[in-house]
Amino acid sequence: MRPRQTPAPDADARATLGKARTENFPVAPAFLPRAWRRGLMAVYGYARLVDDIGDGDLAPGGRDAVLLGLDPAAADDRLALLDALEDDLGRVFARAGGSPRHPLLQALQPVVRAHGLTPEPFLGLIAANRQDQHVSRYETYGDLLAYCELSANPVGRLVLALTGTATPERIRRSDAVCTGLQIVEHVQDVAEDLGRDRIYLPAEDLRRFRVAETDLKAPTAGASVRSLIAYEAARARDLLDAGTPLVGSVDGRLRLLLAGFTGGGRAALRAVAAAGFDVLPGPPRPTRSGLLREVAAVLRTAPRKG
């Protein structure tokens, strides 16, 4: 019996997948086996679609709404789109009842079946974006960590599931890396998030460093904002360090992939520091050479499994 062919993505789906090039870390590098690359890109496409819905970043014209079974007039109704996406996700996992509507979920379905993936991580990403529609400020660091449990940690768990390497200890380390990477993005994207009326820097930390929300709207950061960003960057670095033993717990090409994730976060933090922790003009981005240096450092320092 011939394997089922994955549908070719349409132009909008290809544009969504193309956003992988803007991430701090390589999503599905060429050195990985083809099945892993296909699986990682399918998961990335789904995660990117969820985030684009939650952020209002879908392509204009309402095509995604139509693909999900909605009227084009619902293209700006983020909660309706997330509900429709959850319904389509149900089709991915259904034993019968037809194929998913959206091309990115059509591409996800054979990956889910081949690797025995479960719905929970995918539902967590939808829950995080629903939360984004209602919650725009986080009072405590604990509140932010709870959000990252939905918005970031499912992705790492899916990577472990796709590669058949999930264990309780690896999941714990992966959660640390993924939460660290999410906080790195929050640190980089302060201005962009504020443009969406969101602040992911904990309010208790703003008070600690005597930073008002109006200070975050300035063209460049003052001393108090820079100190706040340095503090949050250090937290992210601690999380990445706590998760680094994950890299040493695996071998071969998976070790390189996980080093890429962790090294990408470290390189982004180095770029933030090189900018003097002034992220208000725009997100500091690491160079390719900076990324490679950090990946090499992770590979040198990650303790090998015994």
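This text walks through side-chain contacts in the structure above, from charged pairs to cysteines to aromatic rings. The model is a predicted one.

Start with the charges. The structure holds 22 salt bridges. One of them joins Asp 83 and Arg 130, with N and O 2.9 Å apart. Look at where the two partners sit. Asp 83 belongs to helix H4, residues 78-93, and Arg 130 to helix H6, residues 120-134, so this salt bridge ties together parts that are 47 residues apart in sequence. How buried or exposed are the two ends? Asp 83 has a relative accessibility of 39%, so Asp 83 is partly exposed. Arg 130 has 23%, and that also makes Arg 130 partly exposed.

Now move to the loops. Asp 197 and Arg 137 form a salt bridge, and their closest N and O atoms are 2.9 Å apart. Asp 197 is in the loop between helix H10 (190-195) and helix H11 (203-208), while Arg 137 is in the loop between H6 and helix H7 (141-151), so the pair ties together parts 60 residues apart in sequence. Asp 197 is partly exposed, at 45% relative accessibility. Arg 137 is partly exposed too, at 30%.

A further salt bridge links Glu 149 with Arg 157. Here the closest N and O atoms are 3.1 Å apart. Glu 149 is partly exposed, with a relative accessible area of 35%. Arg 157 is partly exposed as well, at 30%.

Salt bridges can also join into a network. Asp 55, Asp 132 and Arg 198 are linked in this way.

Next, the cysteines. How many disulfides are there? The count is zero. Take Cys 148 as an example. The nearest cysteine sulfur belongs to Cys 178, and it is 9.8 Å away. A disulfide needs two cysteine sulfur atoms within 2.5 Å, so sulfurs 9.8 Å apart do not form one. Seen from the other side, Cys 178 is in no disulfide either, and its nearest cysteine sulfur is that of Cys 148. Are these residues buried or exposed? Cys 148 is buried, at 0% relative accessibility. Cys 178 is buried at 12%.

Turn now to the aromatic rings. The whole structure contains six aromatic pairs. In one, the ring centres of Tyr 46 and Phe 122 are 5.2 Å apart and the planes meet at 80°, so the pair is edge-to-face. Tyr 46 lies in helix H2 (residues 34-55) and Phe 122 in helix H6, so this pair ties together parts that are 76 residues apart in sequence. Both of these residues, Tyr 46 and Phe 122, are buried.

Another pair is arranged in another way. The rings of Tyr 138 and Tyr 200 have centres 5.9 Å apart and planes at 20°, so they are stacked. This pair links distant parts of the chain. Tyr 138 is in the loop between H6 and H7, and Tyr 200 is in the loop between H10 and H11, 62 residues apart. Tyr 138 is buried, with a relative accessible area of 3%. Tyr 200 is buried too, at 7%. These two loops have come up before: they also hold Arg 137 and Asp 197.

Rings can gather into a cluster. Ring pairs join Tyr 46, Phe 93 and Phe 122 in this way.

Finish with a contact between a charge and a ring. Arg 235 lies over the face of Tyr 141, at 3.8 Å from the ring centre.

Terms used:
Residues numbered from 1 in each chain as written. Predicted model: local features only at pLDDT ≥ 70, side-chain atom pairs only at ≥ 80, totals over all residues. Heavy atoms only, no water. Salt bridge = Lys/Arg side-chain N within 4 Å of Asp/Glu carboxyl O. Helix = DSSP H or I, 4+ residues; strand = E, 2+ residues; numbered from the N terminus. Buried < 20%, exposed > 50% of the residue type's maximum accessible area, 1.4 Å probe, protein only. Phe/Tyr/Trp six-rings, centres within 6.5 Å; stacked < 30°, edge-to-face > 60°. Lys NZ or Arg CZ within 6 Å of the ring centre and 35° of its normal.
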